[in-house]
Amino acid sequence: MSFPFGKELPDREIRELVEAAVASPALVSARKLAEWVGTGRPLTTRNVLKPAVAVEACDLLGIELPSRKPRSAMDIDELMLVWSTALAARFLEISPGRVRAGKALELWVAEEPDPVLTIWAACTTECLGLAGDTAVDLEQVAVLAELHERDGSASLRNLGEAINEVDGSAPACDCPDCVVEEMWPLGGVVETLAEFGIAVLRGDSAELTPLGRWYTDFLFRHSAPAAEVNAATLLDGVAHLPPKVGVLMARPWLSARTPVVAARELLAAGEAASGQLRVIALALAGQCGPEADAAWREWAAKDGFGAYARVWLAEEAGTDPAEDDDAWITVDTLAATLDALPPEIPAYVLTGILRVQAGRELAEVLPLLERSGHPAAPRLVSLLGADQSMPVVSRVPSALPAGTRYGIKVQLRGVTKPPVWRRIEVPADLDLGEFHGVLQRAMGWDDSHMHVFDDGRSEYGLPDPGLGHRNERNVRLSHVLVEVGDRLGYTYDFGDDWEHQITLEKILPPAPGVTGALCTGGKGACPPEDCGGVGGYERLKEILADPDAEEHDDMLEWLGLDSGDEFDPQGFSAEDVNRVLSRSV
């Protein structure tokens, strides 16, 4: 993507932008690292600096290390931030086993406006998680949009509220110290923007720098969907953004039309769309204001989708909408929700929940939905009016006697020669957080990374709105493993992605005096942490088995071994595992 810096700016302002970009702390560190790398430095199989070389880089950058013998450069967060910035700026180029300074570094050092601002903007966009080919960082976008919308300055409370619209994590306190030092994600967002020279903190507010104003103007004007595209293309272009940001991105498109024309096109696109796209179309049409009333009245005269227009006009006039229109919109919303359900979740999960919420009023609601005239009404009414004994969750655990235990097999997926698995017995009433602790000790992990359970319907872990994980402490093992043969997924370390398959093999009756977790069998040693997942582990075993391998000595040093013979991938002892498990539950 090209990042024009704006030929309309005076030369003096362009030069100031270039100087600010070159002086941004993140790029200063990235340049320093790249110039030190020079003609080449050695890399590990995971394409990061070897541990000893990483220590040298930290000394150069002034990064303090808890140990002079890190297991991997990937364990040094500050270094990896500089490393990723240098890669995003193309200051570094990687080839098998080596890294060297890239051609972009020469362009950067020359400080010519076009290449410098292009490099800075591309690097910043990638590092902030705003690139089009990556998952958009909605918190960063929300803060930038809020600053842009408020002409470059916003209180920390305003920024917190903007983030809250995305993930519900607005800060409780808006004093600068609390926000910057304690209130993630807002503090982290502002600090990151400052690292790239985009914004600064002033008291209880954040302000865009001139470089930040130029950048947000590019994001929300020059990068917005083109004014000439049709409404359907506009909706596709803003569908992944928070509502406020979507409105900002749509402004050039809206401004190129009269309110009536814009609303008319959006309503037509909304009728043809479904689900979230329909919601966005209606929201953008609402942004056209009262000047677009004529378009809403045109649609109000139509059946079906016209219900949205009639309800909108009623709300504008302060009157109650017609009951049939409310019913049509209700069916439309519920039908879209049903259609969006993942295939592994049966429709009766949602309809069962709706039956519980409606309670005795369901008998009154069903006739209204049925006569709404919506084409999906018969299907929805059939589902809602189905046998009331149908379960409202896809699996209903039966009551288990107190003290019931589970016999479980845990298989590390993808690892062979030898395979790595454990058989364990655990109390069936463990919550998933407790079971996580058992798994870590039984397998041999260090519990130094994130994890998640997946039962095919939901994901459970440490509660995180951004990741969508439900609180594992609220779910018991017996809720997700109900019958012999049931399976549960468990992923540990989202970088290495160690995937485990958990299978319920036995349901054991209570036994007097038997408590806690017990390992009854297994095979294979647990792979070392941070070795690069399944592929990295296979490579590690090859290197340790070959004394002539280039990285043999580095791997021995990393693992703290004197010889490759000391590493035994076959190593397993149920006695050793049980000694550790005795401290887990």
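## A paired set of strands

Strand β3 covers residues 98-101 and runs antiparallel to β2, and four bridges join the two. One of the partnerships can be named: S95 has R98 in β3 as its bridge partner. The model described here is predicted.

## The whole sheet

β2 and β3 belong to an open sheet of three strands. The order is β1-β3-β2, with antiparallel pairing. β1 (41-42) and β2 (92-95) are the edge strands. Each has a single partner strand, so one side of each has no neighbour in the sheet.

## A helix across the strands

Which helix lies across β2 and β3? That helix is α4, made of residues 77-88. α4 runs at about 95 degrees to β2.

## The largest pocket

Helix α4 also helps to line the largest pocket. This pocket holds about 790 Å³ of space. Its lining has 21 residues, and those closest to the centre are D77, M80, L81, V82 and S84.

Three elements give two or more residues each to the lining: α2 (25-37), α4 and α10 (186-195). Which of the elements gives the largest share? It is α4, with seven residues.

What kinds of residue make up the lining? There are 12 nonpolar residues, five polar and four charged.

## In brief

Helix α4 links the two parts of this report. α4 lies across β2 and β3, and α4 also provides the largest share of the lining of the largest pocket.

Key
Residues are numbered from 1 along each chain as its sequence is written. This is a predicted model: local features need pLDDT of at least 70, side-chain atom pairs count only at pLDDT 80 or more; totals for chains, interfaces and linings use all residues. Side-chain values use heavy atoms; hydrogens and water are left out. Two strands pair if DSSP finds at least two bridges between them. Contact means heavy atoms within 4.5 Å. Axes are lines fitted to C-alpha atoms, for helices over the stretch in contact, and angles run from 0 to 180 degrees between N-to-C directions. On a 1 Å grid over the protein atoms alone, a cavity is a set of points where a 1.4 Å probe fits but cannot get out, and a pocket is an open set with protein on both sides within 12 Å along at least five of seven lines; lining residues have an atom within 4 Å of a point. Grid points are joined across faces, edges and corners, and a volume is the space filled by probe spheres set on the points. Ala, Val, Leu, Ile, Met, Phe, Trp, Tyr, Cys and Pro count as nonpolar, Asp, Glu, Lys and Arg as charged, and the others, Gly among them, as polar.
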